[in-house]
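Student: Could you take me on a close look at one part of this model, the small sheet, and then show me what else is worth finding around it? I would like to follow along strand by strand.

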Amino acid sequence: MTDKLPVVILISGHGSNMCALADRAKNGDLPIEIHAVISDRPEAPGLLRAQERGIETAVLRLQDFNSREDFDIRLGETVERFGPRLVLLAGYMKILSSHFVRKFAGRLLNIHPSLLPKYSGLRTHQRALEAGDREHGASVHFVTEELDGGPLVIQGRISLRSHDTVESLSAKVHLVEHMIYPQAVEWFASGRLELREGVARMDGRILNSPIQLAIESANQ
Ligand code: GRF
């Protein structure tokens, strides 16, 4: 028996957030056990990085199914087979169906590279630069059927500098993500964070706004 929280992580790409979580767990800093990393893309570099860490991996490609519905049902079954009490989206680029979201309601978190509700969807760094924003960052939220719209848990903020580019922002926001995602997962694993009656609660109190972290070290 282990008292570590069983977790499944869904990825589509590099998996740096997955690695940040796995490495914290391995060091004993995060009470989770990653039962599987699942990708919709067989070429996702994160799959290899998971295997190098001794984590089981699986691939489920949409094009191998007759319909989107079949894919979603199988994805739900595959995730469930690994027995997670928490499912983490970490750069998973497919929009999940209502079926999937309902199945894992209250135990499904996502990380998004903007200060939500600003810039849901794609190209968030470009959009923050074009808007001339002074701040940018990342958000962790519970996943609901509204795209990037579920209850927020924590945000990490950085200041935008005049020399920032999409690339520099992407690097800085990734650093922020590697801090706030493990933090949110730790709160969930320790029972402090929950989604109840559609709202996020921390220590039983409703989170009217996300917990904020100003991250100086990512702010160069
Ligand atoms: C992150 O920026 C995350 O916020 C977004 O996709 C990116 C994934 O990066 N959802 P990685 O694969 O974890 O490196």
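Tutor: Happy to! Keep in mind as we go that this is a predicted model. Let's start with a pair of strands: β8 and β9 (residues 199-202) run antiparallel and are joined by 4 bridges. To see the pairing residue by residue, find Arg196, which stands opposite Val199 in β9. Then look at Leu195, whose partner across the pair is Ala200 in β9. How many residues lie between β8 and β9 in their hairpin? There are 2 residues between these strands, and Glu197 in that turn has a positive phi of about 50°.

Now follow the chain onward from β9. This strand is also joined to β10, by 2 bridges, and again the two run antiparallel. Here the facing residues to find are Met202 and, opposite it in β10, Arg205. β9 and β10 form a hairpin too, with 2 residues between them. In this turn, Asp203 is the residue with a positive phi, about 55°.

Put these pairings together and you have an open sheet of 3 strands, in the order β8-β9-β10, with antiparallel pairing. Which strands are at the edges? They are β8 (193-196) and β10 (205-206), as each of them pairs on one side only. As you look along a strand, it helps to remember that in a regular strand the side chains alternate between the two faces of the sheet.

With the sheet in view, let's turn to the loop between β5 and α5 (124-130), where you will find Pro117. Leu116 and Pro117 are joined by a cis peptide bond, with omega about 10°. Tyr119 lies in that loop between β5 and α5 as well. Its phi is near 55°, a positive value in a residue other than glycine.

Our last stop is the ligand, which sits in the largest pocket. The residues surrounding the ligand include His14, Asn17, Gly91, Ile111, His112 and Glu177. Which elements each supply at least two residues of this shell? They are α1 (16-26), β5 (108-112) and α6 (166-189). By type, the shell divides into 2 nonpolar, 7 polar and 1 charged residue.

Some polar atoms around the ligand are worth picking out by eye. A backbone N or O atom of Gly15 lies 2.8 Å from an oxygen atom of the ligand. From His174, a polar side-chain atom lies 3.0 Å from a ligand oxygen. Pro113 takes part through a polar backbone atom, 3.4 Å from an oxygen atom of the ligand. As for how covered the ligand is, taken alone it exposes 370 Å², and the protein buries 84% of that.

Technical notes: Residues numbered from 1 in each chain as written. Predicted model: local features only at pLDDT ≥ 70, side-chain atom pairs only at ≥ 80, totals over all residues. Heavy atoms only, no water. Near = heavy atom within 4 Å. Polar contact = N/O pair within 3.5 Å; in protein donor to acceptor, adjacent residues only side chain to side chain. Areas by Shrake-Rupley, 256 points an atom, 1.4 Å probe, with all protein chains shown as cover. 1 Å grid on protein atoms, 1.4 Å probe; cavity = no way out; pocket = protein on both sides within 12 Å on 5 of 7 lines; lining within 4 Å. Sits in = over half its atoms within 2 Å of the grid points. Nonpolar A, V, L, I, M, F, W, Y, C, P; charged D, E, K, R; others polar. Pairing = 2+ DSSP bridges.
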